[in-house]
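Please have the sequence and the model open side by side while reading these notes. The points below are meant to be followed one at a time, with each residue located before moving on.

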Amino acid sequence: MAEIAPSILAADFANIQRDVEMLNASQADYIHVDIMDGMFVPNISFGLPVCEAVYKHAKKPLDVHLMIEQPDRYLEAFKKAGAAGLTVHYEACPHLHRTIQHIKELGALPGVALNPHTPVEVLSEILGDVSLVLIMSVNPGFGGQKFIQNTYQKIAKLQALKEKFGYTFKIEVDGGVNLDNAPLLVKEGVNILVAGSFVFSSDNPLKTIADLKTS
Ligand code: DX5
Ligand code: ZN
């Protein structure tokens with residue numbers, strides 16, 4: 001049984017209130033908010049005003065995934081725009097410890113994300129300080145991409161570190177999640193499944209979320 005964080009990136013932006021209300025009525029545990037700057041990743045998604053608009057209608061905590069360079073510049077603004085959790089990329093943070101402390105000081109849950117090529121071992125000195133580790137199972141930048149199979153062994157390595165040292169962070173996986181890979185991911189130790197296109201392009205998103213939850 002995992003927690004589910006549907007990604008609002010795959011919603012209909014012309015009907016954002018309707019889609020947020022659908023998520024409110026669903027078994028989703030969070031709303032995943034993907035922020036892309038066109039620099040750290042090749043795509044631009046949306047920024048603060050859209051995050052605020054989602055927050056205005058959301059009854060679930062916002063899990064904000066910052067795919068941006070120098071995220072420290074915007075932590076406070078995204079906290080004010082409704083973020084309950086703020087996840088930054090390891091690859092974008094030369095002073096990751098400082099950034100994580102900053103997120104804590106703002107009163108948000110700190111998370112760190114890893115691109116597919118980045119080994120989990122690079123986080124060994126920070127794992128005790130984070131609430132969440134987000135493992136990217138696609139290269140960040142776009143919804144609807146194909147799940148990278150190497151993710152399973154990465155999750156297993158991270159779960160082994162978690163058990164060895166008794167850490168309490170949650171493991172989240174993001175990209176190409178569906179009902180085929182979800183049960184295997186949960187078995188390896190994933191606590192939170194992010195799903196964008198699989199939820200929003202399904203005929204019955206409420207049922208899809210419920211099915212993912214019991215996977
Ligand atoms: C990708 C984003 C993901 C994306 C997931 O860069 O971080 O959160 O929205 O979308 P799907 O589930 O369609 O791969
Ligand atoms: Zn994401």
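1. In this predicted model, aspartate 34 has a relative accessibility of 5%, and because anything under 20% counts as buried, aspartate 34 belongs in the buried class. Histidine 65 is likewise buried, since its relative accessible area is 0%.

2. Both residues serve the zinc ion (ligand 2), whose protein donors are His32 through NE2, Asp34 through OD, His65 through ND1 and Asp174 through OD, at distances of 2.1 to 2.3 Å. Along the sequence these donor residues follow the spacing H-x1-D-x30-H-x108-D. Aspartate 34 sits in strand 2 (residues 31-36) and histidine 65 in strand 3 (residues 62-67), so this pair ties together parts that lie 31 residues apart in sequence.

3. What is the geometry of the site of the zinc ion (ligand 2)? The site has six donor atoms, the angles among them run from 70 to 170°, and the arrangement is octahedral. For comparison, the ideal angles for six octahedral donors are 90 or 180 degrees.

4. Turning to ligand 1, there are 20 residues around it, of which Asp34, Gly141, Asp174, Gly196 and Ser197 come nearest. Asp34 and Asp174 are also donors of the zinc ion (ligand 2).

5. Backbone atoms of several glycines approach oxygen atoms of ligand 1: a polar backbone atom of glycine 141 lies 2.7 Å from one, while for glycine 144 and for glycine 176 the distance is 2.8 Å. The protein covers 99% of the 380 Å² of accessible area that ligand 1 has on its own.

Technical notes:
Residues numbered from 1 in each chain as written. Chains lettered and ligands numbered in written order. Predicted model: local features only at pLDDT ≥ 70, side-chain atom pairs only at ≥ 80, totals over all residues. Heavy atoms only, no water. Donors = N, O, S within 2.8 Å, 3.2 Å for Na, K, Ca; no water. Tetrahedral: all angles 85-135°; square planar, octahedral: opposite > 155°, others 65-115°. Helix = DSSP H or I, 4+ residues; strand = E, 2+ residues; numbered from the N terminus. Buried < 20%, exposed > 50% of the residue type's maximum accessible area, 1.4 Å probe, protein only. Near = heavy atom within 4 Å. Polar contact = N/O pair within 3.5 Å; in protein donor to acceptor, adjacent residues only side chain to side chain. Areas by Shrake-Rupley, 256 points an atom, 1.4 Å probe, with all protein chains shown as cover.
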